[in-house]
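Biologist: Can you put the model up? I'd like to go through the aromatic contacts and then the cavities.

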Amino acid sequence: MEYANHLNEYAPAPSEAQVAEEVARIGAAAARNHTREVYAFCYSAIDLTTLSCNDSVASVTEFARKAAEFYERFPHLPNVASICVYPAFVETVGLAVDGTPMRITSVAGGFPASQTYLEVKALEVAMAIENGADEVDIVLNVGRMLTGEYDEAANEVEMIRSEMDPDIVLKVILETGALRTPELIRRASLLSMLAGADFIKTSTGKIAVAATPEAAVVMCHAIRDYYAKSSRRVGFKAAGGVRTPEEAALYYTIVEEILGREWLTTDLFRIGASSAANNLLTAIEGHEVKYY
């Protein structure tokens, strides 16, 4: 399908100066959300992530077991939205969280570089789902985006989405630190949504520049504009470098200010994180918590 022509139906991205001004305004407003209630919601929006080269069946089992036991250890708090792992560990997580409402997210499709054959990407996604993944995070082909091959990049997303059941959540990672400019981030956002993404996500966390408030502002404006034309709500996920409660609250506030409170549900807002989980729990409980 041709996607690039549809970009002309949308206004261009804001300038870097305009984005910086909006980030400063929202950053000041975010102080109102430095509350236990907001931190608890942000915790519930976490895709609790382990994506390390030294992951093993033993380490992932322990990681998932702690998440499953959270319901008993902290019955007064909502648990994280999902556990996010490499495809080879989806079944491991499933065994550890069996009997709980825990969702399983798998990165797939050649994560983190997306530099492999499309057939391999599609097969990896299919295998992750077959093994029990409820949600799949893939990476948009950044190389194609940088060379202006917009239709090719979007068609990869479309093909992968078409092979998935409608109830599987597809998150498309833009790797905004590599795209850099507001205009390219906006185009990547719109192309991913047009091709069927249920969420657009900032980063893999595997390159130097991960999630930034600037990229989040551009992405949320694109989500808002896409919704105005399509009436389809697409979610936003901040991932990579989100560590403190204040940083989580900032992304919460960006979504609140640009998209509105109707986007502040775990169906439309996520945070990809590992260390942020303990830091949020510490802020919520009022004393140091090292649960994970």
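Modeller: One term before we start: partly exposed stands for a relative accessible area between the buried range, under 20%, and the exposed range, over 50%. Also, this is a predicted model.

Biologist: Fine. How many aromatic pairs does a search of the whole structure find?

Modeller: The search finds ten aromatic pairs. One of them joins F63 and Y292, with ring centres 6.2 Å apart and planes at 50°, so that pair is tilted.

Biologist: Where do F63 and Y292 sit in the chain?

Modeller: F63 is in helix α3, residues 57-73, and Y292 is in the segment after α12 (275-285). The two are 229 residues apart, so the pair links distant parts of the chain.

Biologist: Is F63 buried or exposed? And what about Y292?

Modeller: F63 has a relative accessible area of 16%, which is under 20%, so F63 is buried. Y292 comes out at 23%, between the two cut-offs, and is therefore partly exposed.

Biologist: What kind of pair do F74 and Y291 form?

Modeller: F74 and Y291 are edge-to-face, at 5.5 Å centre to centre with 85° between the planes. This pair also links distant parts of the chain: F74 is in the loop between α3 and β2 (82-85), Y291 is in the segment after α12, and 217 residues separate them. Both F74 and Y291 are buried.

Biologist: Which residues form one aromatic cluster?

Modeller: The cluster is made up of Y43, F63, F70, F74, Y291 and Y292.

Biologist: Which ring face does K66 lie over?

Modeller: K66 lies over the face of Y291, 5.7 Å from the ring centre. Elsewhere, K171 lies over the face of F199, at 6.0 Å from the ring centre.

Biologist: Now cavities. How many are there of 30 Å³ or more?

Modeller: The count is two. The largest cavity has a volume of about 50 Å³, and the second largest about 40 Å³.

Biologist: What supplies the lining of the largest cavity?

Modeller: β4 (135-139) and α7 (150-162) each supply at least two residues. The largest share, four residues, comes from α7. By type, the lining divides into six nonpolar, three polar and two charged residues; K121 and E156 are among the lining residues.

Biologist: And which residues line the second largest cavity?

Modeller: A122, V125, A126, I129, I160, E163 and M164 line that cavity. Helix α5, residues 118-130, gives the most, with four residues. The lining has six nonpolar residues, no polar ones and one charged.

Technical notes. Residues are numbered from 1 along each chain as its sequence is written. This is a predicted model: local features need pLDDT of at least 70, side-chain atom pairs count only at pLDDT 80 or more; totals for chains, interfaces and linings use all residues. Side-chain values use heavy atoms; hydrogens and water are left out. Rings of Phe, Tyr and Trp (its six-membered ring) pair if their centres lie within 6.5 Å; planes under 30 degrees apart count as stacked, over 60 as edge-to-face and the rest as tilted. Buried means under 20% relative accessible area, exposed over 50%, partly exposed in between (1.4 Å probe, protein chains only). A charge sits over a ring if NZ of Lys or CZ of Arg is within 6 Å of the ring centre and within 35 degrees of the ring normal. On a 1 Å grid over the protein atoms alone, a cavity is a set of points where a 1.4 Å probe fits but cannot get out, and a pocket is an open set with protein on both sides within 12 Å along at least five of seven lines; lining residues have an atom within 4 Å of a point. Grid points are joined across faces, edges and corners, and a volume is the space filled by probe spheres set on the points. Ala, Val, Leu, Ile, Met, Phe, Trp, Tyr, Cys and Pro count as nonpolar, Asp, Glu, Lys and Arg as charged, and the others, Gly among them, as polar.
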